[in-house]
Amino acid sequence: MNHRCKSSSPRPKTKSVNSHRRFQKLRLDIIVRDYGECVRCRVLFNKSTRETPDQPLQCHHIKPQSLPQYEHLKWEPTNLIMLCQECHDVYDNGKVHELDFEYEIPPLFEY
Ligand SMILES: [Zn+2]
């Protein structure tokens with residue numbers, strides 16, 4: 001299972017605690033924006049897939065931040081979308097850079 005967005009295991013090469021904390025906060029904002037469910041399941045299957053302890057939702061970078069040309073999109077909310085593990089696997093760990101469904105990602109809610 002891929003725990004990329006969870007904080008359970010500290011990776012040896014973390015950039016900084018601040019960056020990590022900042023992403024955790026951004027992730028929460030994305031969860032709220034996407035109604036706490038997998039957007040792909042909602043759009044494609046009209047199904048509500050919520051986070052469970054067994055199946056955490058993934059905060060997916062559509063354009064992978066690991067590629068230099070997309071690095072600046074790491075903090076861009078419209079590059080982030082909540083997906084369940086099954087839908088996340090469709091994008092093959094960032095090898096697929098486009099969503100396979102029609103969806104315009106809304107900006108974050110204003111507080
Ligand atoms: Zn899904």
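In this model, Gln58 stands opposite Leu83 of strand S2, a good place to start looking. The structure is a predicted model, in which local features need pLDDT of at least 70 and side-chain atom pairs count only at pLDDT 80 or more, while totals for chains, interfaces and linings use all residues. Residues are numbered from 1 along each chain as its sequence is written.

**Overall layout**

- The protein has three helices and two strands; helices (H or I, at least four residues) and strands (E, at least two) are DSSP runs, numbered from the N terminus.
- If you walk along the sequence, you meet these elements in the pattern α-α-β-β-α.
- Of contacts between residues at least 6 apart in sequence, 63% join residues at least 24 apart; two residues are in contact if their C-beta atoms, placed from the backbone, lie within 7 Å.

**The two strands**

- Strand S1 (residues 58–61) and S2 pair in the antiparallel sense over four bridges; a pair of strands needs at least two bridges found by DSSP.
- In a regular strand the side chains alternate between the two faces of the sheet.
- Strand S2 (residues 80–83) is covered on both faces, with Leu80 and Met82 buried on one side and Ile81 and Leu83 buried on the other.
- For these labels, a residue is buried if 20 or more other C-beta atoms lie within 10 Å of its own, exposed if 12 or fewer, and partly exposed in between, with C-beta atoms placed from the backbone.
- Not counting residues up to four places away in sequence, Leu80 touches Ile30, Cys59, His60 and His61.

**The nonpolar core**

- The largest nonpolar core has eleven residues, including Ile30, Cys38, Val39, Leu57 and Cys59; such a core is a set of buried Ala, Val, Leu, Ile, Met, Phe, Trp, Tyr and Cys residues joined through C-beta atoms within 7 Å.
- S2 gives the largest share of this core, four residues.
- In soluble globular proteins, nonpolar side chains tend to be buried together.
- Buried residues make up 16% of the 111 residues in the protein.

**Helix H1 and what follows**

- Helix H1 (residues 17–33) has 17 residues, so at 1.5 Å a residue it should span 24 Å, and its end C-alpha atoms are indeed 24 Å apart; the expected span is 1.5 Å times one less than the number of residues.
- H1 is followed by Tyr35, which sits in the loop between H1 and helix H2 (39–45).
- Tyr35 has a positive phi of about 60° although it is not a glycine.
- Tyr35 counts as exposed because it has 12 C-beta neighbours inside 10 Å.

**Asn46, in another loop**

- Asn46 lies in the loop between H2 and S1, and its phi is near 55°, a positive value in a residue other than glycine.
- With 7 C-beta neighbours inside 10 Å, Asn46 counts as exposed.

**Leu108, after the last helix**

- Leu108 belongs to the segment after helix H3 (85–90).
- Leu108 and Arg33 are 75 residues apart along the chain, yet their C-alpha atoms are separated by 5.9 Å.
- Leaving aside neighbours within four places in sequence, Leu108 is in contact with Asp29, Arg33 and Pro77.
- Leu108 is partly exposed, with 13 other C-beta atoms within 10 Å.

**Confidence**

- The protein averages a pLDDT of 88, and 85% of the residues score at least 70; pLDDT is the predictor's confidence in each residue, from 0 to 100.
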